[in-house]
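Work through the exercises below with the sequence and the model side by side. Try each task before reading its solution.

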Amino acid sequence: MTDYQPQPIEAKWQKAWEDKQLFQAVADPKKEKYYVLEMFPYPSGKIHMGHVRVYTIGDVIARHKRMRGFNVLHPMGWDAFGLPAENAAIKNGIHPAKWTYANIDEMRSQLKSLGFSLDWDREFATCDTSYYAWEQLFFLKFWEKGLVYRKKAPVNWCPDCNTVLANEQVEDGVCWRCSTEVEHRELSQWFLRITAYADELLSYLDKLHTAWPERVRIMQENWIGRSEGAEIDFRVADREENIRVFTTRPDTLFGATFMSLAPEYPLLDTLIQGRPEAGRVRDFVQQMRKTEHIERAAADQEKQGVFTGAYCLNPLSNEKMPIYVANFVLMEYGTGAVMAVPAHDQRDFEFAEKYGLPIRTVIEPEGAKAQAPDQAYTGPGRMLRSGDLNGLDSEQGKRRIIKRLEAMGRGKKTVTFRLRDWNISRQRYWGAPIPIVYCEACGTVPLRPEDLPVELPLDVATNPDGRSPLPDFDPFVQTVCPRCQGPARRETDTMDTFMESSWYFARYTDAHLDSAPFSPEALHYWMPVDQYIGGIEHAILHLLYARFFTKALRDLGYFSIDEPFSHLLTQGMVLKDGAKMSKSKGNIVDPGEMLARFGADTTRLFTLFAAPPERDLDWNDQGVEGAHRFLHRLYRLGEELRPFLTPTEPCRPMDGDGLSAAARRLRRKEHRTLLKITRDIEEFFQFNTAVAAVMELVNEINALKAELLKDAPGRRVLSSAWASVLVFLYPMTPHICEELWEKTGFAAELFVMSWPEHDPAALEQDEVLVVVQVNGRLRGKISAPADVDQEQLKQMAMEIENVQKHIQGKPIKKMVAVPGKLVNIVL
């Protein structure tokens, strides 16, 4: 009997799979496809346990679906552009390209050592020119469609990364990558008009109702933030300008007593020009520029503001309203101007109380009497102090006021979104160049498709402070205008790396096509992704951008689908000692050490068994050792049984007649385990309970093996159950299962096996164990025929000596018998 030695076994089968090109996917219209994809990794240098977990989950699904007869696509590539590579390269004194491709080689080797069933023939890195050239083409197509534009705008600036961040990349006022406090600057930037798809991005979430986690859908709904209301123009009292606001409560217009502007409001300088308050306003604006938006918007933040010296006119009452700049008003919400109705908005209420501004109630709850409020009433009700609209309910009032404003040319019914257009400009080197040139004669000029790709020059040195070297690199910057052939300068911003991850899943369908970004036939066959797997942290950023790209490319004629990912699974983090793994905390678990010590199958098994996929997994050394011991026991059991087993199909159909009680018991356990594991994997992704079910089956084999080895029918049942164990575990621990399958004597490899079907006859029981209770307490057990009726069961219960002892002649109030389960005697 040989010992279990995982490393040589795993190397053997990984080579066998690679030699046979087992996981290369080929489109076949005659077969039903299944596209399973994990979010592709950033090549940081080495894989971490989070990688191990997510790719193990995906691999179980991919291998199981192959056994189910699907034509599976399970590809891999690299999200290779971005700041981390550039910063790491600067720190280590090497070029980002060299750093990135070296890391890819290292991580590819590590992933292969875990035995994942990946189609490596489709591998690419997004920093490959052959990849980002098509992204530049999409940029030009978006330009033609009006989905790309450039404007000067306030931006989030990370001083450490030396680049702009999208709103979604600022988390609690700090950079999502380096946690540096974010500053606010004004720069000319390139934007994608994602807001053009806001309605569809929101409405299509309903179609993902049962296929995506509710938490992710709610996060996207809130981020898109659809609001119905009215745009209203307030004329500045002594100027020609209008201040436009958006409000969801036009019914409260008569209660507006002042106007609040964001410190970044574009017309603010014009409003304060020549007024004595101008200096105080500018000082306040400067102070607000140093305050994070998340802090300003917090509900418990003290309300602060300054009077501008200007007034505007209420379009319905013509009342003069003072204009303030307020800290809680943000440019990214609505128009950057708020008609303040302190009686019906809590922030306005707190501001008005602080600065002694009027508070006028214009909506009162049904059945209540108007009185001076001690806090804002924000609900619906009956209108008052609203002229001829008094007495209307607030919903009627909204419609009437909007209609009146439209007739006056002072407002209109409007839908707005919290979502803002996607800022894709990055002032860093390691990214895809933007295919735009600037010509003195022609202005801003997009390149022609035949001018692509604009290659990122690799013969430049990065700057120690992180500034992009591109603006100072004349061979890149100096070019020719494609329109007039005169001298021009290239755009030196590069694209946000979320551009690359917004369409990579489609490129996998024909990853090395040279003539187009996609093959229509391959796209039609493979897309959409059937099962997408990744972290909850990408719920807004990546997933929203990928959905937008899919819809935009559909409208350009590339896609015929509306959504990229049919089903989504978001896995939890891998923790150690209750905290996220990090070098600073000293709680890193190195996958390389796990592989060297325990092997891939143990590492995979523990990540699946320790927690359901959607929950955080707390790494536990004892748990890893327990998984390793189980695989040792499994291997020893295979060696022990091997001389007595006959290679036979799992869950083999057979006549139950002539089988011993032990054989029938194991056969029943085998088929019940099949039903449970199939449901756990396919319906719930509960791999932990699937593993537990196989362990129970192995325990049953151990308990019954001596009895079953006595006769040929018993050995047939044992052979079937053993084959089932290996098939059930194969998607989770494929190497040891392949090895034991081969040792058992099967001619064909395990990876060509189909997932078995259960035999209903095997689930039938000859006898069942029934518990007997007296007044709810266990007093005995009966082994009864499965088809016994209630009266027979009651009689059998009364014959138990311990039951008779506890009754002791006392009158029986009632007796409840549930065949197959229990008898309860109530005295």
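Four exercises follow, each with a worked solution.

This is a predicted model: local features need pLDDT of at least 70, side-chain atom pairs count only at pLDDT 80 or more, and totals for chains, interfaces and linings use all residues. Residues are numbered from 1 along each chain as its sequence is written, and side-chain values use heavy atoms, with hydrogens and water left out.

**Exercise 1. Cis peptide bonds**

Find where the cis peptide bonds to P453 and P528 lie.

Solution.
- Step 1. Start at L452. Its bond to P453 is cis, with omega about 0°.
- Step 2. Place P453. It sits in the loop between β20 (443-446) and α13 (474-477). Helices (H or I, at least four residues) and strands (E, at least two) are DSSP runs, numbered from the N terminus.
- Step 3. Go to M527. The bond from M527 to P528 is cis, with omega near 0°.
- Step 4. Place P528. Its loop runs between α15 (520-526) and β24 (531-535).

**Exercise 2. Positive phi outside glycine**

Are N775 and Q808 buried, partly exposed or exposed?

Solution.
- Step 1. Fix the cut-offs. Buried means under 20% relative accessible area, exposed over 50%, partly exposed in between (1.4 Å probe, protein chains only).
- Step 2. Take N775. Its phi is near 50°, and it lies in the loop between β29 (767-774) and β30 (777-785). Relative accessibility is 45%, so N775 is partly exposed.
- Step 3. Take Q808. Its phi is near 45°, and its loop joins α25 (801-807) and β31 (814-818). Q808 is exposed because its relative accessible area is 60%.

**Exercise 3. A covered helix**

How many residues of α23 are buried, and what covers them?

Solution.
- Step 1. Count. In α23 (residues 734-744), nine of 11 residues are buried. Among them are P734, I736, L740 and W741.
- Step 2. Look around. The cover includes α1 (6-19), α2 (49-67), α18 (600-609), α19 (621-641) and α22 (712-729).
- Step 3. Step past the end. Just after α23, G745 has a positive phi of about 110°.

**Exercise 4. Nonpolar cores**

Which residues have the most contacts inside the largest nonpolar core?

Solution.
- Step 1. Define it. A nonpolar core is a set of buried Ala, Val, Leu, Ile, Met, Phe, Trp, Tyr and Cys residues joined through side-chain atoms within 4.5 Å.
- Step 2. Name them. W422, Y504, F505, F549 and W619 lead in this core of 189 residues.
- Step 3. Find the main contributor. Helix α21 (residues 687-708) gives the largest share, 11 residues.
- Step 4. Note the second, separate core. It has 38 residues, including A256, V281, M321 and M383.

Methods
Contact = heavy atoms within 4.5 Å.
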